[in-house]
Amino acid sequence: MVKPFVPQLVYIEPRALEYPLGVKLKNKFQDMGVEIRETTSHNQVRNLPGDNDFQKYRTAKSTLVVGVRKTLKFDTSKPSAEYAIPFATGCMGHCHYCYLQTTMGSKPYIRTYVNTDEIFDAAEQYMQERAPEETRFEASCTSDIVGIDHLTHTLKHAIEYFGRSKHGQLRFVTKFAHVDHLLDADHQGRTRFRFSINDDYVIKYFEPGTSRLKDRIEAAVKVAEAGYPLGFIVAPIYLHDGWQTGYPEMLEHLEAALPEHAKKNLTFELIQHRFTKPAKRVIEKNYPMSKLELDESKRKYKWGRYGIGKYVYQNEEQEEIKDVIGSTIYKMFPQSRIEYFT
């Protein structure tokens with residue numbers, strides 16, 4: 001089982017120590033014997049140890065930066081929620097295909113933000129603007145927040161904050177099984193706890209540093225028993241030799257493990273593997289030995305937002321994905337809903 005994340009190096013913004021959580025985290029890491037350095041800004045961490053880009057990238061992935069989130073204007077988040085809520089940025093996982101590789105560029109270190117009350121106040125304004133409609137907030141657009149929450153408990157506080165709210169709902173997704181501290185949170189059914197799952201081939205070859213499928217499913221069972229609404233993101237759906245049996249087997253394991261009550265209000269989100277030209281360059285630099293298939297000639301080009309197009313699977317391959325995975329979901333989880341396929 002993958003051990004809970006412990007940073008090898010911590011940077012702290014001076015302003016972070018004006019907040020109780022910043023002080024608490026500094027004391028915690030001092031007690032743990034982790035090296036602590038100061039940085040003027042969580043966006044300006046320089047001089048990471050390492051002789052070359054390859055080593056510096058790996059150092060960054062084990063570095064935690066404690067900072068203050070200055071921008072409290074939330075991005076719109078679709079298709080899973082109305083807004084992205086920014087508690088953290090970055091991830092300690094080494095998923096070869098991850099889009100954070102290009103969005104984070106030269107800053108692959110992990111950041112956690114300590115001004116949580118200010119973030120909640122901003123969320124409250126967004127909720128009031130849309131009331132009485134429900135407003136959904138996605139907490140994992142730029143991070144796998146569960147991966148660091150055993151250290152910060154920011155997510156736990158957010159779950160309880162939204163549990164008290166009238167018109168807010170929280171959502172997040174994780175590849176980590178370290179959920180025990182979240183099981184007693186007073187969520188009031190207002191947080192959907194989702195797990196990213198994949199077949200054994202994809203997890204083995206492309207998701208190093210994350211929890212295995214068996215551990216994710218065991219964690220999902222615990223979360224279901226704690227009464228959370230549950231969901232699964234099957235992503236990225238990657239066409240490899242044997243995928244037509246690998247994905248149904250994954251769903252069979254899930255169906256056998258989940259308690260019956262959890263199958264009644266279950267959501268699935270299906271995302272095919274895609275990549276951009278900039279992402280391909282970064283992936284080949286960071287993971288030069290990866291088996292990930294990134295051949296543009298085998299793909300269909302799809303125009304994206306902001307003028308950057310993506311390479312997705314051909315139409316007939318997409319139809320086969322829907323047929324194989326979609327039909328298996330409907331057969332095994334007839335009361336669930338597939339929220340989208342993209």
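This passage describes the nonpolar cores, aromatic contacts and cysteines of a predicted model. Residues are numbered from 1 along each chain as its sequence is written, and side-chain values use heavy atoms, with hydrogens and water left out. Local features need pLDDT of at least 70, side-chain atom pairs count only at pLDDT 80 or more, and totals for chains, interfaces and linings use all residues.

The largest nonpolar core (buried Ala, Val, Leu, Ile, Met, Phe, Trp, Tyr and Cys residues joined through side-chain atoms within 4.5 Å) comprises 92 residues. Buried denotes under 20% relative accessible area, exposed over 50%, and partly exposed in between (1.4 Å probe, protein chains only). The residues with the most contacts inside this core are I85, F137, L170, F195 and F232. With residues up to four places away in sequence not counted, the contacts of F137 (heavy atoms within 4.5 Å) include F74, I85, M127, L170 and R171. A second, separate core has seven residues, among them L9, V45, A60 and Y109.

F137 also belongs to a cluster linked by ring pairs, together with F74, Y83, F87, F120, Y126, Y161 and F162. In total, 22 aromatic pairs are counted (Phe, Tyr or Trp rings, the six-membered ring for Trp, with centres within 6.5 Å).

No disulfides (cysteine sulfur atoms within 2.5 Å) are found. C95 takes part in none, its nearest cysteine sulfur, that of C98, being 6.2 Å away. The separation is too far for a bond between C98 and C95. C95 counts as buried because its relative accessibility is 10%, whereas C98, at 22%, counts as partly exposed.

Terms used:
Phe/Tyr/Trp six-rings, centres within 6.5 Å; stacked < 30°, edge-to-face > 60°.
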